[in-house]
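Trainee: Got a minute to go through this model with me? I'd like the quick tour.

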Amino acid sequence: MNYLKNFITKFVFMMQKRPGLMAVLAFCSGVASYVFVERKESFSQLISILLLVTWLWLLIDNWLRDKVEERFGVAVSPNVMRFALQVVQQESLFFALPFFLAVTTWDHGQAAFTALIILCAFVSVVDPLYYKKLARHSVWFSVFHSFSLFVVLSVTLPILLKLTTSQSFEIALITAVILTVPSLGNLMPNAKWWRFPLLVLLLCSLGAGLWQLRSFVPPAALRLTDMSMSYQLDAQARKPLSPITELTEQSLHENGLYSFSAVKAPRGLNEKIFHVWVHNRKEVDRIALDISGGRKEGYRAWSHKTNFPANAAGKWVVKVVTESGQLIGQRRFEVSEV
């Protein structure tokens, strides 16, 4: 057992000297999983299960250390467990990052959410920031811990269970808050009693706020592969005819407008998708899509809008959204008066 203890100590020391190595491995595994999940390979599911198991392991940290010491007489240093916590958070963030990078709509508020993941991933790698800044503030550290869990669940749940985006978001949000609570004893070992309910209230409030801002969270399991506008549509081939280069009020009122989109969903599309038409930042129409197609090209659908307002000139956006309001992608265009 001394050999095992020495091996673990040497491994932790080596990884602490090379904190970026685990980040690179996690990011590479995320890229590999993103590629394999589109081919229905079990590799991505295996990595997802391993990540979730490591989070469950953190929940029984104290109990596990006591049992190991009782059974084998080996005392695991708190520093080792603190490093393990950092590694799990680090791997979760870097594993999920490729999924969010691939589906983020960068001219939308989603860019801020993905940028937050990048920032948290960077902090998890830089030890002076992680230990001297973040870890010393128990409240921020608990929020960081919960956010890391939410991010990895948002990716792993659709891979493992083929849940809809709405279901994955709800379960990930609730689970992240619930599973963070048992960890508070480890995160705040010497805190006063009143800080625990206060922190639980804070996590619940942040969770409720994130639910209200769910359109800013990219749906990790869905990606818009194509979107175009046309006055006419080939219904049999399910593709637009003569893509439009210029839009006028007169042409809209005479012809209406087709909005064509293709949504890629490697694990299948089991939820309602909508086209939301927005004119000068005001929603004017919401049309449910008739989804069909295949995984290689993406699930293809269109909406046909004919009831344009009398004054249709201005800036328009057609958003592709899930039933819960998460944005899959969008297309902007401008209509001139003549």
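**Loop first**

Mentor: Start in the loop between β5 and β6, where Arg-281 sits. Keep in mind that this is a predicted model.

Trainee: Okay. What is phi of Arg-281 near?

Mentor: Near 70°. That is a positive value, and Arg-281 is not a glycine.

Trainee: Why flag that?

Mentor: Because most residues other than glycine have a negative phi.

Trainee: Is Arg-281 buried or exposed?

Mentor: Exposed, because its relative accessibility is 84% and the cut-off for exposed is over 50%.

Trainee: Which other residue is in the loop between β5 and β6?

Mentor: Asn-280 is in that loop. Its phi is positive too, near 50°. Asn-280 counts as partly exposed, because its relative accessibility is 44%.

Trainee: Zoom out to the sheet. What is the strand order?

Mentor: β6-β5-β9-β10. It is an open sheet of four strands with antiparallel pairing. The edges are β6, residues 282-288, and β10, residues 327-335. Each edge strand pairs on one side only. From one strand to the next, the twist averages 20°.

Trainee: How many bridges join β5 and β9?

Mentor: Seven, in the antiparallel sense. β5 runs over residues 273-279 and β9 over residues 314-322.

Trainee: Give me the register. What is the bridge partner of Phe-274 in β9?

Mentor: Val-321. For Ile-273, the partner in β9 is Thr-322.

Trainee: And how many bridges between β9 and β10?

Mentor: Eight, again antiparallel. One pair to look at is Val-317, which stands opposite Arg-332 in β10. The hairpin of β9 and β10 has four residues between the strands. In that hairpin, Gly-325 takes a positive phi near 100°.

Trainee: How many of the residues of β9 are buried?

Mentor: Seven of nine, so β9 is mostly covered, with buried meaning under 20% relative accessible area.

Trainee: Switching to packing. How many residues does the largest nonpolar core have?

Mentor: It has 41. Phe-100, Phe-113, Ile-117, Phe-150, Val-151 and Val-155 have the most contacts inside it. Helices α3, α5, α6, α7, α8 and α9 each supply at least two of its residues. For orientation, α5 is 78-103 and α8 is 138-161.

Trainee: Which residues is Phe-150 in contact with, leaving aside neighbours within four places in sequence?

Mentor: Phe-113, Phe-169, Ala-172, Leu-173, Ala-176, Leu-210 and Val-217.

Trainee: What does the second core include?

Mentor: Val-263, Trp-277, Ile-287 and Val-318 are among its residues. That core is separate and has 24 residues. Trp-277 falls in the 273-279 range of β5.

Trainee: Now membranes. Which residues does the UniProt "transmembrane region" annotation cover?

Mentor: The UniProt record, an unreviewed entry, lists 43-64, 112-131, 138-161, 167-184 and 196-213.

Trainee: How far apart are the end C-alpha atoms over residues 138-161?

Mentor: They are 33 Å apart. That span is 100% helix and 0% strand. For residues 196-213, the ends lie 26 Å apart. There the span is 94% helix and 0% strand.

Trainee: Cysteines next. How many disulfides does the structure hold?

Mentor: Zero. Cys-120 counts as buried, because its relative accessibility is 10%. Cys-204 counts as partly exposed, because its relative accessibility is 40%.

Trainee: I've got Arg-82 selected. Which helix does it lie in?

Mentor: Arg-82 lies in α5. Its relative accessible area is 44%, so Arg-82 counts as partly exposed.

Trainee: How far apart in space are Arg-82 and Tyr-131?

Mentor: 9.7 Å, C-alpha to C-alpha. In sequence they are 49 residues apart.

Trainee: Last bit, the totals. How many helices and strands does the protein have?

Mentor: 12 helices and 10 strands. The protein has 338 residues, and 46% of them count as buried.

Trainee: And of the contacts between residues at least 6 apart in sequence, what share joins residues at least 24 apart?

Mentor: 71% of those contacts.

Terms used
Residues are numbered from 1 along each chain as its sequence is written. This is a predicted model: local features need pLDDT of at least 70, side-chain atom pairs count only at pLDDT 80 or more; totals for chains, interfaces and linings use all residues. Side-chain values use heavy atoms; hydrogens and water are left out. Two strands pair if DSSP finds at least two bridges between them. Axes are lines fitted to C-alpha atoms, for helices over the stretch in contact, and angles run from 0 to 180 degrees between N-to-C directions. Buried means under 20% relative accessible area, exposed over 50%, partly exposed in between (1.4 Å probe, protein chains only). A nonpolar core is a set of buried Ala, Val, Leu, Ile, Met, Phe, Trp, Tyr and Cys residues joined through side-chain atoms within 4.5 Å. Contact means heavy atoms within 4.5 Å. A disulfide is a pair of cysteine sulfur atoms within 2.5 Å. UniProt positions are given in the numbering used here, feature names are shortened, and annotations may be inferred rather than shown by experiment.
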